[in-house]
Amino acid sequence: MKDNSSSEIDRIDLNILRLLQDNGRLTNAELAQRVNVSAATCHRRTQRLFDEGFIKSVRALVDPKRLGLNTLVMVGIVLDRSTPESIAAFEAAVDVLDAILDCDLVAGDFDYLLRLRVKDMEDYHHFLAQNLIALPGVRQARTFFVVREVKTNAPIKF
């Protein structure tokens, strides 16, 4: 059997990644059967994919609407300065706000693009007034309410 050490992945590893990305609840035995290897080999390969960072984590995809978080909001943030200190302060402050799902440093009209979940527009207005505009270095926050989610949490195709 081929040695798969040092971040080299083959078609079996890619199949494991595809299958787990589609259904993270597969047992090792089910996964092994689907990729046509022994359970021990499958476990070893899967563990290596975790250890080498190909798989970052496994978690449940929760329906936010079932929790009353019906409104998805995108917010473009413009900072007053783009210094290493102001960027670090902003990123540290964003990291502790649970409503913010994603925060990406972007090129273009904004410095950051945030994605967050709230109950409704009133809840967002409160979050904006109490949290977003108070973040360090924020000069402007431009809000976009998502009318309908067309494609979300899609698996990576490779």
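## Two asparagines with positive phi

N36 is exposed in this predicted model, with a relative accessible area of 70%. Its backbone is worth a look too: phi is about 65°, a positive value, although N36 is not a glycine. If you want to find N36 on the chain, go to the loop between α2 and α3, the latter spanning 39-51.

N153 has a positive phi as well, near 55°, and N153 is likewise a residue other than glycine. Look for N153 in the segment after β4 (138-145). Is N153 buried or exposed? With a relative accessible area of 52%, N153 counts as exposed, because the cut-off for that class is over 50%.

## α1 against α2

Now for the helices. Two packed helices are described by the angle between their axes and the distance between the axes.

Start with α1 (residues 11-22) and α2 (residues 28-35): their axes come within 10 Å and cross at roughly 130°. That angle is neither in the 65 to 115 range nor over 145, so α1 and α2 are oblique to each other. The crossing of α1 past α2 is right-handed. On the α1 side the contact is made by I12, N15, I16, L19 and L20, while α2 brings in L31, R34 and V35. Sorted by class, that contact of α1 with α2 has 6 nonpolar residues, 1 polar and 1 charged.

## α3 against both of them

How far apart are the axes of α2 and α3? They are 8 Å apart, and the two helices pack at an angle of about 100°. An angle between 65 and 115 degrees counts as roughly perpendicular, so that is the label for α2 and α3. In this pair, N28, L31 and A32 of α2 meet A39, C42, H43 and T46 of α3. The class split for the contact of α2 with α3 is 4 nonpolar and 3 polar, with no charged residues.

The remaining pairing to go through is α1 with α3. These two pack at about 75°, their axes 10 Å apart, and α1 and α3 are therefore roughly perpendicular to each other. From α1, the residues I12, D13, I16, L17 and L20 take part, and they meet C42, R45, T46, R48 and L49 in α3. This time the contact of α1 with α3 divides into 6 nonpolar, 1 polar and 3 charged residues.

Some residues turn up in two of these contacts. In α1, I12, I16 and L20 are in the contact with α2 and also in the one with α3. L31 of α2 is in the contact with α1 and in the one with α3. On α3, C42 and T46 meet α2 and also meet α1.

## A29, out on α2

A29 sits in helix α2 and counts as exposed, at 52% relative accessibility. For a sense of span, take A29 and T83: they are 54 residues apart in sequence, and their C-alpha atoms are 51 Å apart in space.

## Strand β1 and V75

V75 belongs to strand β1 (residues 71-79). V75 is buried, with a relative accessible area of 0%. What does V75 touch, not counting residues up to four places away in sequence? The list is Y112, L113, L114, L116, Y124, L132, A141, R142 and T143. I55, 20 residues from V75 along the chain, is separated from V75 by 29 Å between C-alpha atoms.

## Strand β3: L113 and R117

L113, one of the residues V75 touches, is in strand β3. Its relative accessibility is 30%, so L113 counts as partly exposed. Beyond its neighbours within four places in sequence, L113 is in contact with V75, G76, D102, C103, D104 and V106. R66 is 47 residues from L113 in sequence, and the two are 25 Å apart in space, C-alpha to C-alpha.

R117 is also placed in strand β3, which covers residues 112-118. R117 comes out at a relative accessible area of 8%, and since buried means under 20%, this arginine is buried. Which side chain does R117 join through a polar contact? That of E149, at 2.4 Å. E149 is also on the wider contact list of R117, which, leaving aside neighbours within four places in sequence, includes P64, L69, N70, T71, L72, A99 and L101.

Terms used
Residues are numbered from 1 along each chain as its sequence is written. This is a predicted model: local features need pLDDT of at least 70, side-chain atom pairs count only at pLDDT 80 or more; totals for chains, interfaces and linings use all residues. Side-chain values use heavy atoms; hydrogens and water are left out. Helices (H or I, at least four residues) and strands (E, at least two) are DSSP runs, numbered from the N terminus. Buried means under 20% relative accessible area, exposed over 50%, partly exposed in between (1.4 Å probe, protein chains only). A polar contact is a pair of N or O atoms within 3.5 Å; within protein, one must be able to donate a hydrogen and the other to accept it, and residues adjacent in sequence count only if both atoms are side-chain atoms. Contact means heavy atoms within 4.5 Å. Axes are lines fitted to C-alpha atoms, for helices over the stretch in contact, and angles run from 0 to 180 degrees between N-to-C directions. Angles under 35 degrees count as roughly parallel, over 145 as roughly antiparallel, 65 to 115 as roughly perpendicular and the rest as oblique. A crossing is left-handed if the near helix is turned anticlockwise from the far one by less than a right angle, and right-handed if clockwise. Ala, Val, Leu, Ile, Met, Phe, Trp, Tyr, Cys and Pro count as nonpolar, Asp, Glu, Lys and Arg as charged, and the others, Gly among them, as polar.
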